[in-house]
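Trainee: Got a minute? I'd like to go through the inside of this one with you.
Mentor: Sure, put it up.

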Amino acid sequence: MKLIYIRTQFRLFSVALLISLFCLETAQAEKCRNITTDTIRFTVLYDNYQYEDHTKTDWGFSCHIEVDGKSILFDTGRKESILEYNLNQYGVEAEDIDCVVISHEHADHYGGLDYILRENPDVKVYIPSCFSEKLIEKYESAGRTILKVEKTIQLSEHVYLTGVMADFEQSLIV
């Protein structure tokens with residue numbers, strides 16, 4: 001259990017470090033909810049910290065990334081209703097999302113997936129290949145496009161998935 005905790009903390013530290021670097025680069029260190037460069041935009045949609053008054057918070061994570069002309073959703077938070085509310089607050093349409101990347105099989109990272117799949121049934125969903133067969137079957141039996149990621153793959157010019165790391169998760173590289 002301690003090893004998983006350390007791995008999770010390292011992953012969270014890595015994400016925080018990347019976001020911090022973007023904030024410093026874009027001179028938005030005091031408001032890191034929306035990070036925009038000339039070609040990349042990150043919007044944290046779901047988190048347990050409230051950065052802006054018009055959003056709802058909850059335990060979990062989701063980030064919308066616009067890069068290379070694509071709309072990518074990294075994780076979906078825990079509750080469908082909160083994800084839907086925050087998407088609406090930022091003007092992000094679920095049906096316009098090109099793909100969803102799920103980092104690992106914890107409900108606070110994939111709990112909002114059903115909402116996205118209802119609104120955008122053709123969206124591609126990239127999950128680590130170590131996801132339980134029960135969850136994979138749930139989505140595949142409903143006719144959804146579930147892509148199991150084992151090794152590093154390239155989603156677009158500037159976006160990669162690491163493949164399975166630490167036997168249970170994947171990361172998104174922009």
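Trainee: Which residues have the most contacts inside the largest nonpolar core?
Mentor: V100, I116 and V125, in a core of 25 residues. Keep in mind that this is a predicted model.

Trainee: And which elements give two or more residues to this core?
Mentor: Two strands, β2 (40-46) and β6 (124-128), plus the helices α2 (80-89), α4 (113-119) and α5. With four residues, α4 gives the most.

Trainee: Back to V100. What does V100 touch, leaving out residues up to four places away in sequence?
Mentor: L73, T76, L113, I116, V123, K124, V125 and Y126.

Trainee: What's in the second core?
Mentor: That core is separate and has 17 residues, including C99, V101, Y126 and L161. Y126 is also one of the residues that V100 touches.

Trainee: New topic, holes. How many cavities of 30 Å³ or more are there?
Mentor: One. The volume of the largest cavity is about 30 Å³.

Trainee: Which residues line the largest cavity?
Mentor: L113, I127, F131, L135, I136, Y139 and I146. L113 also turned up among the contacts of V100.

Trainee: Which helix gives the most to that lining?
Mentor: Helix α5, residues 133-141, with three residues. Helix α5 was also on the list for the largest core.

Trainee: How does the lining split by class?
Mentor: Seven nonpolar residues, no polar ones and no charged ones. As a general point, nonpolar side chains in soluble globular proteins tend to be buried together.

Key. Residues numbered from 1 in each chain as written. Predicted model: local features only at pLDDT ≥ 70, side-chain atom pairs only at ≥ 80, totals over all residues. Heavy atoms only, no water. 1 Å grid on protein atoms, 1.4 Å probe; cavity = no way out; pocket = protein on both sides within 12 Å on 5 of 7 lines; lining within 4 Å. Points joined across faces, edges and corners; volume = space filled by probe spheres on them. Nonpolar A, V, L, I, M, F, W, Y, C, P; charged D, E, K, R; others polar. Core = buried A, V, L, I, M, F, W, Y, C linked by side-chain atoms within 4.5 Å. Buried < 20%, exposed > 50% of the residue type's maximum accessible area, 1.4 Å probe, protein only. Contact = heavy atoms within 4.5 Å.
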